[in-house]
Structure formats: structure tokens, C-alpha cells
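Student: I would like a close look at a single part of this predicted model. Please take one charged pair, then work outward to the rest of the chain.

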Amino acid sequence: MFSKFTSILQHAVEALAPSLPLQEDFVYHWKAITHYYIETSDDKAPVTDTNIPSHLEQMLDILIQEENELDSGETGPCMEYLLHHKILETLYTLGKADCPPGMKQQVLAFYTKLLGRIRQPLLPHINVHRPVQKLIRLCGEVLATPTENEEIQFLCIVCAKLKQDPYLVNFFLENKLKSLASKGESDLATEDTLKGQDSLTTDTKQACQSEDFSSSIGIEATEIEDDLPHQPDDLSTRLDQLNVTSLPEASAVRPHQDYNLVNSLLNLTRSPDGRIAVKACEGLMLLVSLPEPAAAKCLTQSTCLCELLTDRLASLYKALPQSVDPLDIETVEAINWGLDSYSHKEDASAFPGKRALISFLSWFDYCDQLIKEAQKSAAVALARAVRERFFIGVMEPQLMQTSEMGILTSTALLHRIVRQVTSDVLLQEMVSFILGEQREPETLAEINRHPLRHRLIEHCDHISDEISIMTLRMFEHLLQKPNEHILYNLVLRNLEERNYTEYKPLCPEDKDVVENGLIAGAVDLEEDPLFTDLSPENTLSNQEWLSSSPPTTPEHPKNDGKTEVHKIVNSFLCLVPDEAKSSYQVEGTGYDTYLRDAHRQFRDYCSICLRWEWPGSPKALEKCNLEAAFFEGHFLKVLFDRMGRILDQPYDVNLQVTSVLSRLSLFPHPHIHEYLLDPYVNLASGCRSLFSVIVRVVGDLMVRIQRIPDFTPKLLLVRKRLLGLEPEGPVIDHVTLLEGVIVLEEFCKELAAIAFVKYHTSSTP
């Protein structure tokens, strides 16, 4: 109480006293602080009970006033005094000792306000960046301390200053202790090296005994020169008693420990206070975005940023329960690293492991955003570390295990982070991890060349339907990512040579047929015994389908190398026989909905693929290596095998298989269009296409229909139940087959819509 009264009285006296020149006023406040340590013996009283906070505030106000009164770029006498007399060095020493208690908070606040409010660049001065570097090392040493708020504010203002002047980063990110220890020169360090190390012993000796420090507490240099050999001054004695000269010993014990801005921020990202953690993450994001290559190299090679980020990611992943419901992983709310706040008590949809899952996904989101914002070379280094230390080191063993529950959980987590990733650089590393980097055509003998890719594709046809569905969904979302290597690795590399086709040079008679809209060597579906119902009543007329297509012009002739779209559309729509169709009896299941969806989706895919510079037409057959054996690739093989069993698989599996195939069909590559959407392509011997697979399924269906009594009414009832138009009732025989027929009919309509939209879009001038 008495000290507070004294502080109030002092303010009143200062207000009434005549104003002094700024420098004299500045020196007066600094002397008042230093005299406190000389005259006060009670160092247990908190700093808030002293006049120190007031004097520091006054010194800061004087510096700001001085700068405002001077021309831009000039340094005033008060600032010269602060720099020349190493006031920041002395304040650092007092803050490290935290004497009196709470002094560290005051010092941090002073540094923060000084750097934030003074417009002229201060960090280039050695007497500023050296004590700032030392003070950085005090931040984040212990979590949940009373000074955390001041620590993070100080660190963030330093990061902001480095963002303004990136070249200064070398003062703060160099790992000098490690390099010095590796050279074995710690005992032979020169004075310059000690300065580079920021040796606290040297600095404290300078602060306590040098001419500069002596004058900084109001004693003339000549007096110190006379008095110092005989007895130390009182403030030097007080500082020695604070016992803060321990850094050299710590360095000797831990020569590889980093004391720098990055490590302090990383420590504070673990703060129990979410606001502190978020601010620390923001500070790191500022550092990695520094544009200078030298800064990026220093950040990734001379600090532990990559290791600590990925190690934390790995530890959060390992903290997850061994089994988590895939639906919970998929439906947990969208994670934003800056809003990782979760209360189990307030959550009505809580499940075991939700807190751990949110923490993992939040940190992954942060790593993703960090890499997205990082300077290019820093982003590559960070993403590569995530791949090597997390994807390969932690996730791959989980994905390769044999436990079905473990496979399901790890695949669901992989699916979630595939959906979540937005950084192109991290996506590239994730794609390389999942698929490998191979781009040459696949062969059946080398199908296992990339073990993880092989295992994941095999899981698409797993004995467990849950694992199959989850893996297929992962691939479906992977195909939607803006990365050319995904589609090329899974499909395109096997279609490059078009060796799925049988090349027949056209004779004059064939040319006449082509001009009439037919393809040489193609089998007319009307002559196929499987399509005896392909009558004028069951097909759509040419005019009906082509009315919205652009008219034939010299620039866009009718014979453009593509099968006429109406023939393709009718081919898919008429694949399923009439007795196996049920959509026409239920309102709202028409073909038009597929057209709208296909148009929107194809436009989205075109925007993704635009930068990949795909050809507009197939590679000329004369230039293709048609003699090479054709293999559709492991991925399409599994999908075609699954499609061939559509009548015997669960409804959910069929939906997912057809969903992946329709996604593939949407890609605007001529070879994909030809292989998946052209029923009239001349397939080479032993080759199959999507259309030929469906033809075989329909042939099997027509045989099995004959064995099921009341097939059509049962089919209609199943469709209505699936749509929720009929309540669940008695179990229907052959329900799996009936559901498969419904999926097959809808899939053929979807393929027809995609083919029409792609033709219409590519034909538009």
C-alpha cells in the first residue's frame, strides 16, 4: 500500500515539476530503475509494488515522442542512449532473473511495445537483436506460466518484423550452438564467436563492469576507471547475486539444443491455453512464408521445425483409439486448426476418441495450411518430412496390417485426410505415398511394384464389404484432387498406346459406310441377340438427341472421328431389357436429372484438367504400338471385376463401384472417353471395356430373370423401398439381385448422360 502511495505521489510531483529535455528525462527514469537494485535489499516484493513499471512506461513514451518530433530515418539522443548503453541487455538480465518477481513480464512487455511502436528499424542494431535473441530463448521454456501471454505477444511482434524485413531472419534462425559444438571449438572460441553464441557470461560481465554500463547508471566513465580496480560498484554486485550466468554450462551439457524463435513458438503451440497455441501457430506461419530462399533453407535445415511438426502429428495419430467407427471419422465436424475447441460435456454426439480425433485432424490441417503458405523450397522440405516421418513411418504399417478392424480405421483416416488436404505440395507427397511414382504402363507380372498401392487396390475387392466401400471412397475422393499423376498412374498410362483397339485399315467400301455414320467392323447392336428389344419404340430418335447439338458446319463437320452421340446414348439406355426396367414407373427418376448432374460435374472436371494440356483427340493409331499386350491396369481390373458381379453384391458396394466408374468417365481425356464410353470401339482380342463388361452382366441377367417368378412387381417394390416410398415389409426373395438390377439401370442412364454432355461440350464452337 505504501509503495503504491509513493508511486502516486511521484506521478504528481512529475506532473507539477518543470519539463526536462527528453534525454535528461529518459536518463532520469533509467537511473531510477537501476538505483532500485542498488538501494533495495528486499527482492521478494512483486514488481507491481515498485515504480519500475511506471519508469519503463515513461521511457517508452519518451522514445515515441522523440521519434515523432524528428524527421523520418533520424535517430534521437534517447534512442542513441538506449542503444549505446545496452539498456536492452541489462533488462534481459533482470528479466531472466525475474527480480523482483514479475520483472520478466515487464521486460517482455517493454520489448514488445518498443518493437511494435517505434517505426524505425531496430532489429539490425546488434544491441537490439542480440538481447532480443536471448529473450526469445526464455519464451516457452515452461508451459502455463503467468508470462505466456507476454511471451507470445513478444514472439509474434518479432515474427511480424521479420516478415517486413526477411533478410533479418539469419539473426534469429541460425543454429550456432550446434555448429560450434560439431567443430569442437567451444573452448577456443574467439570474442566474435562468443558474440555469435550470445554468451551470457560475456554479456553479463560487460553489463556489470564495462564503461558503457557504468555510464548507463549515471556514473562517469572516468570515475569508474578509477574505482573499478579497487571495488565493484553496488549494481554490479547486485547483478552478480542474481546468479544468471548459467548458459555456458548448459551449452556444454546440451551442445545440440536449439534456442531460437522456431523452438520457442513450437513449445508454445503445446500451451493449454488455446489462444496462446493459435498465436504461436500464426507466428510459425509467418516465418515459413518468408520469401528469401536463404531464410527457408535456414528454417528447414538449421532448426527442428520439420521433425517437431511431424513428430507431433505422429504422436497425435498414435493417441487415437485402435478402432474408431468410420462414420464418426467421416462425419466429425470440419476441422480448422485455429478453432480447435472441444468440450466433451457440451457435445451431444460425443464418441470415444473424439477429442483425440479432433486434435489430430486439427494439427494435420495446420500442417497442410503451413505448407500451403510456405516459401516454395520450405514447403517441399516440410511436405517431404510429413511423407517420410508420418505417412511412411506411421500410417503405412497401419494400412498394411491384416486386422480387419485396423485396416478399416486406418483407411477411414486416410480417406479423411485425402478429403482434407488442400496444399498442392503436400498433396503431391501424399499421392506419391499412396500410388508411387511409376508412369510406365503396368504389366500383370509387376502389379506389386508399389506394395501400398497394390494393397489398397486389393482392398477395393476385400472380403469385408466395409473395407471395400471405404477404400473405394478414398479412391473416389483422390480422383477429384487437382493432381495429374493420380489419373495417369491409375488409368491413363495403360491407355496411352490404345492397344485395346484392333486396327483395321479402311478399304473404299468401309469409307462409304463411315460416311453414313457407321464404324467399320463394329457390330450393330440391332443384330445382337442380346438386344432384340432395340426397336424404334425403345430408342430415342436422332433428332430428339441432336436437337440441342450444334449444327454441322465446315469447321465442325459431322464426321469428326467420334461415333454419333445418339447411337452411344441409345446403346447405354437400351442395355437393360424392358422387363428389367422400373424407373419409368416411379416419378422423379428420369434421365433429365443425370443430364443436369453430368453437365455440372463435367464442367468442374474440365476446370481441374485444363492446365494438364491433354490432347483433344485420340493418338493416331498409325503411331500407336498396337502389338504390345494390353493390360487395363490393376485399378480398372478390380473395378471391372466388381462390375461383373453387380448382380451378386450388396447394394452399397454397387453404388460405390459405379460411382468411381462414373467419376472416371467424366474426365475429358479422349482415350478415357473411347475406352469407357464408346460401345463401338473395335476391341482387340482378349480385351474388355466397360461396355463389354456390362453386356456380359446383362446377358447373365436375362437368363436369371426367367427363374424368378413375379420379377417385375418385386423389382418395383424394391425400388420404392429404396426410395422410401414404401415401408419395410416382408423379406423379398432375390433382393440382392433386384437391387443390383436397379443400380445397373441407373448406372447405364448415368453413362448415357455423361456421353451426351461430353459430346455436346466438345462440339460447341
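Tutor: Start with Glu 442. Its relative accessible area is 10%, which is under the 20% limit, so Glu 442 is buried. The partner is Arg 453, and Glu 442 forms a salt bridge with it. The closest N and O atoms are 3.1 Å apart. Arg 453 has a relative accessibility of 4%, so this residue counts as buried too. Bear in mind that the model is predicted.

Now place the two residues along the chain. Glu 442 sits in the loop between α25 (424-435) and α26 (451-459). Arg 453 is in helix α26 itself. Eleven residues separate them, and the pair links distant parts of the chain.

Next, take a pair with a longer reach. The side chains of Glu 476 and Arg 663 meet in a salt bridge, at 3.2 Å from N to O. Glu 476 lies in helix α27 (residues 465-479), while Arg 663 lies in helix α34 (residues 651-666), so the salt bridge ties together parts that are 187 residues apart in sequence. Both Glu 476 and Arg 663 are buried. There is also a network: Glu 632, Lys 637, Asp 641 and Arg 688 are joined into one by salt bridges that share partners.

A third pair is Glu 151 with Lys 104. Their side chains form a salt bridge, again given as N to O, at 3.2 Å. Glu 151 belongs to helix α8 (residues 148-164) and Lys 104 to helix α6 (residues 103-117). They are 47 residues apart, and this pair, too, links distant parts of the chain. Glu 151 and Lys 104 are both buried. How many salt bridges are there in total? The count comes to 29.

Disulfides are a short story. The count is zero. Take Cys 304: the nearest cysteine sulfur belongs to Cys 306 and is 9.5 Å away. A disulfide needs the two sulfur atoms within 2.5 Å, so Cys 304 is in no disulfide. With a relative accessible area of 26%, Cys 304 is partly exposed. Cys 687, at 16%, is buried.

Now the helix packing. Helix α5 (residues 87-97) and helix α7 (residues 126-138) have axes that come within 9 Å. They cross at roughly 15°. Angles under 35 degrees count as roughly parallel, so that label fits α5 and α7. Their crossing is left-handed. On the α5 side, the residues that meet α7 are Leu 88, Glu 89, Tyr 92 and Lys 96. The α7 side brings Asn 127, Val 128, Arg 130, Pro 131, Lys 134, Leu 135 and Leu 138.

Set beside that the pair α17 (residues 261-268) and α18 (residues 274-288). These helices pack at an angle of about 150°, and their axes are 8 Å apart. The angle is over 145 degrees, so α17 and α18 are roughly antiparallel. This crossing is left-handed. Helix α17 offers Leu 261, Val 262, Leu 265, Leu 266 and Leu 268. Helix α18 meets them with Ile 276, Ala 277, Ala 280, Gly 283, Leu 284 and Leu 287.

Two single residues are worth a stop. Glu 66 is in helix α3 (residues 52-69). Its relative accessible area is 6%, so Glu 66 is buried. Leaving out residues up to four places away in sequence, Glu 66 touches Leu 22, Gly 76, Pro 77, Cys 78 and Met 79. For Pro 77, the separation from Glu 66 is eleven residues in sequence and 8.5 Å in space, C-alpha to C-alpha.

Is Gly 644 buried or partly exposed? At 42% relative accessible area, Gly 644 is partly exposed. Gly 644 lies in helix α33 (residues 634-644). Setting aside neighbours within four places in sequence, Gly 644 is in contact with Val 693 and Val 697. Gly 644 and Val 698 are 54 residues apart in sequence, with 9.6 Å between their C-alpha atoms.

Last, the whole protein. It has 38 helices and zero strands. Of its 765 residues, 51% are buried. Among contacts with a separation of 6 or more, 79% are between residues 24 or more positions apart.

Note on methods: Residues numbered from 1 in each chain as written. Predicted model: local features only at pLDDT ≥ 70, side-chain atom pairs only at ≥ 80, totals over all residues. Heavy atoms only, no water. Salt bridge = Lys/Arg side-chain N within 4 Å of Asp/Glu carboxyl O. Helix = DSSP H or I, 4+ residues; strand = E, 2+ residues; numbered from the N terminus. Buried < 20%, exposed > 50% of the residue type's maximum accessible area, 1.4 Å probe, protein only. Axes fitted to C-alpha atoms, helices over the stretch in contact; angles between N-to-C directions. Parallel < 35°, antiparallel > 145°, perpendicular 65-115°, else oblique. Left-handed = near helix turned anticlockwise from the far one by under 90°. Contact = heavy atoms within 4.5 Å.
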